[in-house]
Amino acid sequence: MVVENGEFEDWRGSKADPGRHGGVPAAGIACVVEVLENMVFLSNATNLVAYFLKSMHYSAAESANMVTNFMGTSFLLTIFGGFVADSFLTRFKTFIIFCTLELLGLILLTIQAQNSRLLPTVNSKPSNAQEAILYTGLYAIAAGVGGVKAALPAHGADQLSHGNQRLISSFFNWFFFSLCFGGLIASTVMIWIEENLGWNWSFKISVVT
């Protein structure tokens, strides 16, 4: 639900009954989504240097710089995502659009990791076409992450009555826990998969998630 002029509306813009729509279960779904989304983002962001080094054959300095640019772009674009959500679209629509963009970027990187013709040969840097695929997928994910991280927390809070500040505070506590829990899974399980089973499996799991 979204709140307009003090009244609740559903995602279609119709008047919603807070007793029947939204509420704690809907806000809980937003927390679960944050666990999964942050798991996907951090599992790739924290270990992309290894992928750039081993699979794309960039130097260590280039790899680290690429990851820094990717993460910086992701977080800077939350400003743009928040602006879109508040000024042009609803938070729900913003989430759906940017989440789809993130998914398309992940699919593109998965296809590249699966297809040896889209990867550089041993001891050679990627071609222009291979770099174009890499950067398109990478920054589609960055743009998607920016929109999702801007829209999802506010959309989750919109499911609850804004008159109950204790409930709102509790939601954001749980949301922050969900963010950290997703990061924990990314830094343990997903990193282990990337290091032991390969990036093919990591990207596949990310797409499904």
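Two residues are in contact here when they have heavy atoms within 4.5 Å of each other. With that in hand, let's work through some exercises on this predicted model.

**Exercise 1. Get an overview of the fold.**
Find how many helices and strands the protein has, and in what pattern they follow one another.

*Solution.*
- Step 1: The protein contains 7 helices and 2 strands.
- Step 2: Along the sequence they follow the pattern β-β-α-α-α-α-α-α-α.
- Step 3: Turning to burial, 42% of the 209 residues count as buried.
- Step 4: Among contacts with a separation of 6 or more, 73% come from residues 24 or more positions apart.

**Exercise 2. Describe helix H3 and its surroundings.**
Compare the end-to-end reach of H3 with the expected value, locate its bend, and say which helices its buried residues pack against.

*Solution.*
- Step 1: H3 covers residues 60-87, which is 28 residues.
- Step 2: From first C-alpha to last, H3 reaches 41 Å, close to the 40 Å expected at 1.5 Å a residue.
- Step 3: H3 also has a bend of about 30°, located at Thr-78.
- Step 4: The buried residues of H3 are Ser-63, Met-66, Val-67, Phe-70, Ser-74, Gly-81, Gly-82, Val-84 and Ala-85.
- Step 5: These buried residues pack against helices H1 (24-45), H2 (48-54), H4 (91-114) and H5 (128-157).

**Exercise 3. Classify two other residues of H3.**
Are Leu-76 and Phe-83 buried, partly exposed or exposed?

*Solution.*
- Step 1: Both positions belong to H3: Leu-76 and Phe-83.
- Step 2: The cut-offs are under 20% for buried and over 50% for exposed, with partly exposed in between.
- Step 3: Leu-76 has 60% relative accessibility, so it counts as exposed.
- Step 4: Phe-83 has a relative accessible area of 47%, so it is partly exposed.
- Step 5: For long-range partners, Leu-76 and Gly-146 are 70 residues apart along the chain, with their C-alpha atoms separated by 7.1 Å.
- Step 6: Phe-83 and Ala-151 are 68 residues apart along the chain, and their C-alpha atoms are separated by 9.6 Å.

**Exercise 4. Do the same for helix H4.**
Check the span of H4, list its buried residues and name their packing partners.

*Solution.*
- Step 1: The 24 residues of H4 should span 34 Å at 1.5 Å a residue, and the end C-alpha atoms are 34 Å apart, so the two values agree.
- Step 2: Buried in H4 are Thr-94, Phe-95, Phe-98, Glu-102, Gly-105, Leu-106, Leu-109, Thr-110, Gln-112 and Ala-113.
- Step 3: The buried residues of H4 pack against H1, H2, H3, H5 and helix H7 (199-208).
- Step 4: Take Thr-94 as a close-up: at 0% relative accessibility, Thr-94 counts as buried.
- Step 5: Leaving aside neighbours within four places in sequence, Thr-94 is in contact with Gly-81, Val-84, Ala-85, Leu-89, Gly-147 and Ala-151.
- Step 6: Leu-101, also found in H4, is partly exposed because its relative accessible area is 32%.
- Step 7: With neighbours within four places again left aside, Leu-101 is in contact with Ala-140, Ala-143 and Gly-144.

**Exercise 5. Characterise the packing of H1 and H4.**
At what angle do H1 and H4 pack, and how far apart are their axes?

*Solution.*
- Step 1: Two packed helices are described by the angle between their axes and the distance between the axes.
- Step 2: For H1 and H4, the angle is about 35° and the axes are 13 Å apart.
- Step 3: Their crossing is left-handed.
- Step 4: H1 contributes Val-33, Glu-37, Val-40 and Asn-44 to the contact, while H4 contributes Phe-95, Glu-102 and Leu-106.
- Step 5: Sorted by class, this contact has 4 nonpolar, 1 polar and 2 charged residues.

**Exercise 6. Examine the loop between H2 and H3.**
Is Met-56 buried or exposed, and what is the phi of His-57?

*Solution.*
- Step 1: The loop between H2 and H3 holds Met-56 and His-57.
- Step 2: Met-56 counts as buried because its relative accessibility is 0%.
- Step 3: Not counting residues up to four places away in sequence, Met-56 touches Tyr-51, Gln-112, Leu-119, Pro-120, Ser-124, Lys-125, Pro-126 and Leu-134.
- Step 4: His-57 counts as partly exposed because its relative accessibility is 22%.
- Step 5: Most residues other than glycine have a negative phi.
- Step 6: His-57 is not a glycine, yet it has a positive phi of about 60°.

Terms used. Residues are numbered from 1 along each chain as its sequence is written. This is a predicted model: local features need pLDDT of at least 70, side-chain atom pairs count only at pLDDT 80 or more; totals for chains, interfaces and linings use all residues. Side-chain values use heavy atoms; hydrogens and water are left out. Helices (H or I, at least four residues) and strands (E, at least two) are DSSP runs, numbered from the N terminus. The expected span of a helix is 1.5 Å times one less than its number of residues. The bend at a residue is the angle between axes fitted to the seven residues ending there and the seven starting there. Buried means under 20% relative accessible area, exposed over 50%, partly exposed in between (1.4 Å probe, protein chains only). Axes are lines fitted to C-alpha atoms, for helices over the stretch in contact, and angles run from 0 to 180 degrees between N-to-C directions. A crossing is left-handed if the near helix is turned anticlockwise from the far one by less than a right angle, and right-handed if clockwise. Ala, Val, Leu, Ile, Met, Phe, Trp, Tyr, Cys and Pro count as nonpolar, Asp, Glu, Lys and Arg as charged, and the others, Gly among them, as polar.
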